[in-house]
Amino acid sequence: MNVSEAILSRYSVRKYRDKPVEEDKIHKLLEAARLAPSANNRQEWRFVVVQDRKKRQALMRAAKNQEFVGEAPVVIACCAVTDNHIMTCGQKCYPIDVAIAMEHICLQAVEEGLGTCWIGAFYEESVKEELQIPDEVRVVELLTLGYPADQPSVKNRLRFDEIVMYENWK
Ligand SMILES: Cc1cc2nc3c(=O)[nH]c(=O)nc-3n(C[C@H](O)[C@H](O)[C@H](O)COP(=O)(O)O)c2cc1C
């Protein structure tokens, strides 16, 4: 599978087969994250891989009872150890860097026959408490992972000409 095929095939998987994900595959996905670019090569990302059923249930509750979060065989808490560095452009590095690493995971997952879904609807404090994540660490997003049991729907996106401008904002 090439990158274009992975980009086309990726979708948010919200129903998972009751089948564990092989450890070597999880390792491969996290290796893809490790190789991601980051501002100044800061690599502030940290990943907590959760497979324990009770913990996944607790993460589901922290994620506003989105049921598939508890059903996915793996949930990865995508975190940042950060000094909140702000780039010259005015943006914080850490959410951007963690997001890039996460999308590396998502695309590598497609190649492995796996599916993912980003989870931003969660209460950070509840996740931290459940996973014993220190106060100073930020939980940027959760990511569900497993073998898909649903099908992609048509991609609902803005048209190319609605989002791309050449030379000027116009
Ligand atoms: C930052 C971010 C947060 C998201 N949070 C959630 C979430 O909490 N629950 C959910 O079901 N999907 C969540 N999604 C998935 C989006 O709804 C999804 O990516 C979007 O609708 C496009 O669909 P697709 O991923 O299938 O192409 C999130 C996606 C991103 C990028």
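**Why these labels fit**

Student: Why is R10 called buried?

Tutor: Its relative accessible area is 16%, and buried means under 20%, exposed over 50% and partly exposed in between, using a 1.4 Å probe and protein chains only. So R10 counts as buried. Keep in mind that this is a predicted model, where local features need pLDDT of at least 70, side-chain atom pairs count only at pLDDT 80 or more, and totals for chains, interfaces and linings use all residues. Residues are numbered from 1 along each chain as its sequence is written, and side-chain values use heavy atoms, leaving out hydrogens and water.

Student: What makes R10 and E103 a salt bridge?

Tutor: The rule asks for a side-chain nitrogen of Lys or Arg within 4 Å of a carboxyl oxygen of Asp or Glu. The closest N and O atoms of R10 and E103 are 3.7 Å apart, so the pair fits the rule. This pair links distant parts of the chain, 93 residues apart: R10 is in the loop between α1 (3-9) and α2, while E103 is in helix α5 (residues 93-111). Helices (H or I, at least four residues) and strands (E, at least two) are DSSP runs, numbered from the N terminus. E103 has a relative accessible area of 25%, so it's partly exposed.

Student: How do you know that R42 and D83 form a salt bridge?

Tutor: Their N-to-O distance is 2.7 Å, so it meets the salt-bridge rule. R42 sits in the loop between α2 and β1, and D83 in the loop between β2 (74-81) and α5, 41 residues apart. R42 also forms a salt bridge with E44, at 3.6 Å between the closest N and O atoms. Shared partners join R42, E44 and D83 into one network.

Student: Is each of those three buried, partly exposed or exposed, and what makes it so?

Tutor: E44 has 6%, so it's buried. R42 has 23%, so it's partly exposed. D83 has 53%, so it's exposed.

Student: What makes T144 and Y16 a polar contact?

Tutor: Their side chains come to 2.7 Å. A polar contact is a pair of N or O atoms within 3.5 Å, where one must be able to donate a hydrogen and the other to accept it; residues adjacent in sequence count only if both atoms are side-chain atoms. T144 is found in strand β4, and at 0% relative accessibility, T144 counts as buried.

Student: Why is N40 called exposed?

Tutor: N40 has 71% relative accessibility, so it counts as exposed. N40 lies in the loop between α2 (23-34) and β1 (45-50).
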